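Colleague: I would like a close look at one part of this model. Please take the salt bridges among the strands, pair by pair, and then add a word on the nonpolar surface.

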Amino acid sequence: MEIIIIILIFLLLITTIQYIRYRRQIKSICRQMLFMESQETNKIISTMCQKKEILELAERINFLNDLRKKQIQEYKKKDESLKHAITSLSHDIRTPLTALSGYFQLMQESESEREHTRYAKIISGKINSLKNMLEELFTYAKLQNDNYQFDMQRENITKIVYENIFSFYEDFKEKKIEPNVEVDEKEAYVICSSEAVGRIIRNIIKNALSHGWDKVEFIAGQKEKHFFFVCRNRVQRPEEIEIEQVFTRFYKADSARRNSSTGLGLAIAKELVERMQGEIKVELLGEVFSVTVKFVLCDYCDSEAGL
């Protein structure tokens, strides 16, 4: 009986010691966490107790703390990006507004009918430019909502591409560019939103008009299981283009900053393409910048896209 009592006392003593060690270690962890919360430090939770449970707890806390640091850094990066974007957009919007004000004043002061007509044309162009910028901002804002959806159905994408390319006839004529158009006349059908595909094509063409020069080429047709659309244009300063940043919102190459553009055109195009399970990529080969868009043809939609 005495031996049993001694053993019990011994076990109680060991349990008490372990409890004290656990308690001290937990207090130490809490103190370390308080320090880490109040200071910007790379310190990690350390333990004196080598028990499996304590080591696992410290490891999980260090993992979560590392994750929190990354989230804070990402938030700061996005915050800085947003501030820069707002500053850039304020300048981009203010520029056509300032020009509008100046041309309105010139038109009011002029007594020449010819000058009135010329200023009216310039003012109309500035208004359209501003309208397009605001439309792009509105579209991009809508696309940031994960619940935003558009109707998808079987559409003749060849027709959509044709119509949107030739809607820019006057724009190319004004820039004295004769685009090379090679669009396969064979009808191709994909599951898509005709409005969204139209916006994609228009944004890509606007990008070519704004930043390209001398030569623009459009190629479209069917290849294997896909319909593809390619836009190629020459650029004057290819060294200024950061190809990996082209789809980034508000990105503009240095030589393009003078243009009345939001830098959202290709970012919107990418978002729309991916929402319709398509593919989009850009390439820069020497002075030639190209954008390629691909969609799965309807004949292969059931097996390829689950539609």
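Modeller: What follows goes through three charged pairs and then turns to a surface patch. Keep in mind that this is a predicted model.

The structure holds seven salt bridges. Three of them are taken here, among them the pair E217 and R232.

Start with that pair. The side chains of E217 and R232 meet at 3.2 Å, N to O. E217 sits in strand 4, residues 213-223, and R232 in strand 5, residues 226-234, so the bridge ties together parts 15 residues apart in sequence. How covered is each partner, E217 and R232? E217 has 15% relative accessibility and counts as buried, because buried means under 20%. R232 is partly exposed, with a relative accessible area of 31%. The pair thus joins a buried acid to a partly exposed base.

Strand 5 also carries R234, a partner in the next bridge. R234 pairs with E287, and their closest N and O atoms are 3.0 Å apart. Here the link is between distant parts of the chain, with the two positions 53 residues apart in sequence numbering. E287 is in the loop between strand 6 (279-285) and strand 7 (288-296). Both ends have some access: E287 is partly exposed at 35% relative accessibility, and R234 is partly exposed at 24%.

The strands on either side of that loop have a bridge as well. E279 and K294 meet side chain to side chain, at 4.0 Å from N to O. That value still counts, because the cut-off for a salt bridge is within 4 Å. E279 belongs to strand 6 and K294 to strand 7, so this pair ties together parts 15 residues apart in sequence. E279 is partly exposed, with 45% relative accessibility. K294 is partly exposed too, with a relative accessible area of 29%.

Now the nonpolar surface. A patch of about 1,000 Å² is made by M1, I3, I4, I5, I7, L8, I9, F10, L11 and I14. One of its members, L8, lies in helix 1, which runs over residues 2-38. L8 is exposed, at 52% relative accessible area. The cut-off for that label is over 50%.

To put the pieces together: one bridge connects strand 4 with strand 5. Another connects strand 5 with the loop between strand 6 and strand 7. A further one connects strand 6 with strand 7. The nonpolar patch includes L8, a residue of helix 1.

Conventions: Residues are numbered from 1 along each chain as its sequence is written. This is a predicted model: local features need pLDDT of at least 70, side-chain atom pairs count only at pLDDT 80 or more; totals for chains, interfaces and linings use all residues. Side-chain values use heavy atoms; hydrogens and water are left out. Patches are made of residues with over 30% relative accessible area and no salt bridge: like charges are joined within 9 Å, nonpolar side chains (Val, Leu, Ile, Met, Phe, Trp, Tyr) within 5 Å. Accessible areas come from the Shrake-Rupley method with a 1.4 Å probe; for residues, only the protein chains shown count as cover. Helices (H or I, at least four residues) and strands (E, at least two) are DSSP runs, numbered from the N terminus. Buried means under 20% relative accessible area, exposed over 50%, partly exposed in between (1.4 Å probe, protein chains only).
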